[in-house]
Amino acid sequence: MLISIVDIDAPHITVRWISWNRPSLNQVVALNTDGSVSTNNAEFGGLLRHHDGSWIMGYYGSLGNIDILGAELLTGLEGLNICWERDFRNVICLTDSSLAVQAITKGVSHFHKHATIVKAIQDLLKRDWMICVQHTLREGNHYLAKHGAASAVVSLAKLWSL
């Protein structure tokens, strides 16, 4: 998938090509996650691909009334749980939320609004697997959450695979 991003508000037109970058190592699974919030409803979506870019499965749903950081974190938690349950042990988790990456990698206060979600993710990361959490560009990731917008499922992911 290639997406063209055109910025026409700049003094000159800038075009950036955004595409999915496959993991550099064989046997690695890429997990892309995305959360989105609109008028009192948060949606989420994620997908898993093999190292060569081939489709494994996807998930999406609706979370109800939660802020964007909570949506991004819960989307990641759901995706990581799916990876663990399906025995994927070499995973690159990609999210377009730099705040979520920071919360996961550096931690948050015990009094933070989403401390329990962050702790659950960190506990998952401590299991016996190779996992890397990285930031990715929003433009290449945002489609995932839009699938969740049409879903009426609250806190339960719909799964699909080929």
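In this predicted model, the secondary structure of the chain comes to four helices and eight strands. The exercises below work through the chain from its overall pattern to single pairs of side chains.

**Exercise 1. The order of the elements**

Task: Work out which pattern of helices and strands the chain follows along its sequence, and how many of its residues are buried as a percentage.

Solution: Begin at the start of the sequence and write β for each strand and α for each helix, which gives the pattern β-β-β-β-β-α-β-α-α-β-α-β. Next, turn to burial: the chain has 162 residues, and 43% of them are buried. Finally, consider the surface, where the chain exposes about 9300 Å², with carbon and sulfur atoms supplying 55% of that area.

**Exercise 2. Strand 4 and its two partners**

Task: Describe how strand 4 is paired with strand 3 and with strand 5, and state how many of its residues are buried.

Solution: Take strand 3 (residues 29-38) as the starting point, since nine bridges join this strand to strand 4, and the two run antiparallel. As an example of the pairing, Leu31 has Leu48 in strand 4 as its bridge partner. Two residues lie between the strands in this hairpin, and Asn40 there takes a positive phi near 60 degrees.

Now look at the pairing with strand 5, where eight bridges join the strands, again in an antiparallel arrangement. Here Gly45 has Tyr60 in strand 5 as its bridge partner. The hairpin of strand 4 and strand 5 has five residues between the strands, and in this hairpin Gly53 takes a positive phi near 95 degrees.

The last step concerns burial: strand 4 covers residues 41-49, and eight of its nine residues are buried, so that the strand is mostly covered.

**Exercise 3. The buried residues of helix 3**

Task: Find which residues of helix 3 are buried, and name helices that help to cover them.

Solution: Go through helix 3, which spans residues 115-125, and pick out the buried residues, namely Ala115, Ile117, Val118, Ile121 and Leu124. Then ask what lies over these residues: the cover includes helix 1 (68-85) and helix 2 (98-106).

**Exercise 4. The salt bridges**

Task: Locate the three salt bridges of the structure, and decide for each partner whether it is exposed or partly exposed.

Solution: The cut-off needed here is that a residue counts as exposed over 50% relative accessible area, as buried under 20%, and as partly exposed in between.

- Asp67 and Lys113 form a salt bridge in which the closest N and O atoms are 3.2 Å apart. This pair links distant parts of the chain, because Asp67 sits in the loop between strand 5 (55-64) and helix 1, while Lys113 sits in the loop between helix 2 and helix 3, 46 residues apart. With a relative accessible area of 27%, Asp67 is partly exposed, whereas Lys113, at 66%, is exposed.
- Arg89 and Asp87 meet through their side chains in a salt bridge of 3.0 Å, taken from N to O. Arg89 is partly exposed at 26% relative accessibility, while Asp87, at 57%, is exposed.
- Lys119 and Asp123 form a salt bridge with the closest N and O atoms 2.8 Å apart. These two residues are separated by about one helical turn, because they stand four residues apart in helix 3. Lys119 has a relative accessible area of 43% and is partly exposed, and Asp123, at 33%, is partly exposed as well.

Key: Residues are numbered from 1 along each chain as its sequence is written. This is a predicted model: local features need pLDDT of at least 70, side-chain atom pairs count only at pLDDT 80 or more; totals for chains, interfaces and linings use all residues. Side-chain values use heavy atoms; hydrogens and water are left out. Buried means under 20% relative accessible area, exposed over 50%, partly exposed in between (1.4 Å probe, protein chains only). Contact means heavy atoms within 4.5 Å. A salt bridge is a side-chain nitrogen of Lys or Arg within 4 Å of a carboxyl oxygen of Asp or Glu. Accessible areas come from the Shrake-Rupley method with a 1.4 Å probe; for residues, only the protein chains shown count as cover. Two strands pair if DSSP finds at least two bridges between them.
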